[in-house]
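Hi,

Here is the structure I said I would pass on to you. Have a look at it first, and my notes follow underneath.

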Amino acid sequence: RREANASKMQYSELYTPATLVTLLVELDAQQYAPEIRKLISFLESSARPYGGWGYPSGDHSNTSDTSMTQYVMLAMWEAHKAGIEVSPRVIENAAVWLSKTQDPSGGFGYQGKLPTGAGLTQQAAISVSLTTAGLCAIYLAQDILGLLREAKKDDDGLPAALSKVATKKASAKRTNLAQTLFLGVESRSNAWLTKNLTFNI
């Protein structure tokens with residue numbers, strides 16, 4: 001098989017390399033560990049200095065993209081769960097960027113706009129899908145950094161939806177970020193989704 005060279009990779013977007021990581025982890029994380037590491041290295045080097053990920057060129061080359069950031073965070077989480085090292089600093093920066101680009105209402109927009117002062121600033125193109133993306137990325141970051149208690153289901157013969165869920169101790173903490181940062185984002189997003197999520201059946 002051909003090994004990827006992280007320093008020579010070029011993509012017009014980051015959905016493809018992020019999805020490749022999840023695919024290779026699913027196929028065989030041990031067999032494809034060298035390729036996964038190089039893809040992770042490429043994704044880490046592609047992060048914006050202020051956090052998050054975005055298009056390398058074009059109209060949005062100077063901003064981070066909530067949707068793309070979610071895909072990269074999922075790839076980072078998959079690699080982390082497979083025992084492949086992921087930079088805590090990169091994950092911290094992404095989490096801080098997400099916390100700063102959340103709309104005051106609790107939703108998330110497309111291209112995150114950083115506030116110029118204290119507090120949150122109004123975002124554009126807020127939607128259910130993007131708010132879900134931002135919220136999921138925050139949960140993934142929290143887990144990678146060892147702040148999220150992992151749910152464990154007791155197998156008592158009940159259907160999956162009714163199985164008892166307990167929590168076990170989180171993995172080793174890998175950050176100095178306060179958990180309140182994550183909890184604040186989660187609380188605001190969940191409130192926004194409760195208010196705005198509807199189903200047409």
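Reading along the sequence, you'll meet the pattern α-α-α-α-α-β-β-α. That comes to 6 helices and 2 strands. Please keep in mind that this is a predicted model.

Some overall numbers to start with. The protein has 201 residues, and 40% of them are buried. About 11200 Å² is exposed, with carbon and sulfur atoms supplying 52% of that area. If you take the contacts between residues at least 6 apart in sequence, 62% of them join residues at least 24 apart.

Helix H3 is a good place to zoom in. H3 has 16 residues, which at 1.5 Å a residue should span 22 Å, and its end C-alpha atoms are indeed 22 Å apart, so the two agree. Its buried residues are Thr 66, Ser 67, Met 68, Thr 69, Val 72, Met 73, Ala 75, Met 76 and Ala 79. What do they pack against? The buried residues of H3 pack against H1, helix H2 (33-45), H4 and H5. As background for reading that list, an α-helix has 3.6 residues a turn, so residues three or four places apart point the same way.

Take Thr 66, which sits in H3. With a relative accessible area of just 2%, Thr 66 is buried because the cut-off for that is under 20%. Leaving aside residues up to four places away in sequence, Thr 66 touches Trp 97, Phe 108, Gly 109, Tyr 110, Leu 130, Ala 133 and Gly 134.

H3 also takes part in an aromatic pair. How many of those does a search of the whole structure find? The search turns up 1 aromatic pair. The rings belong to Tyr 15 and Tyr 71; their centres are 4.8 Å apart and their planes are at 90°, so this pair is edge-to-face. The pair links distant parts of the chain, since Tyr 15 is in helix H1 and Tyr 71 is in helix H3 (residues 66-81), 56 residues apart. Both rings belong to partly exposed residues: Tyr 15 has a relative accessible area of 22%, and Tyr 71 has 37%.

Staying with H1 for a moment, there is a nonpolar patch on the surface to look at. Leu 20, Leu 23 and Leu 27 make this patch, which covers about 260 Å². Leu 23 lies in helix H1 (residues 15-28) and counts as partly exposed, at 45% relative accessibility.

Next, the loop between helix H4 (88-100) and helix H5 (128-144), where you'll find Gly 112. Is Gly 112 buried or exposed? At 12% relative accessibility, Gly 112 counts as buried. Among residues beyond four places away in sequence, Gly 112 touches Ser 64, Trp 97, Thr 101 and Gln 123. Trp 97 is also one of the residues that Thr 66 touches.

Ala 125 is found in the loop between H4 and H5 too. Ala 125 is exposed, with a relative accessible area of 52%. Its phi is near 60°, a positive value in a residue other than glycine. Along the chain, Gly 112 and Ala 125 are 13 residues apart, and their C-alpha atoms are separated by 9.7 Å.

That's it from me for now. Enjoy looking around!

Technical notes. Residues numbered from 1 in each chain as written. Predicted model: local features only at pLDDT ≥ 70, side-chain atom pairs only at ≥ 80, totals over all residues. Heavy atoms only, no water. Patch = residues over 30% accessible without salt bridge, like charges linked within 9 Å, V, L, I, M, F, W, Y side chains within 5 Å. Areas by Shrake-Rupley, 256 points an atom, 1.4 Å probe, with all protein chains shown as cover. Salt bridge = Lys/Arg side-chain N within 4 Å of Asp/Glu carboxyl O. Helix = DSSP H or I, 4+ residues; strand = E, 2+ residues; numbered from the N terminus. Buried < 20%, exposed > 50% of the residue type's maximum accessible area, 1.4 Å probe, protein only. Contact = heavy atoms within 4.5 Å. Phe/Tyr/Trp six-rings, centres within 6.5 Å; stacked < 30°, edge-to-face > 60°. Expected span 1.5 Å × (residues − 1).
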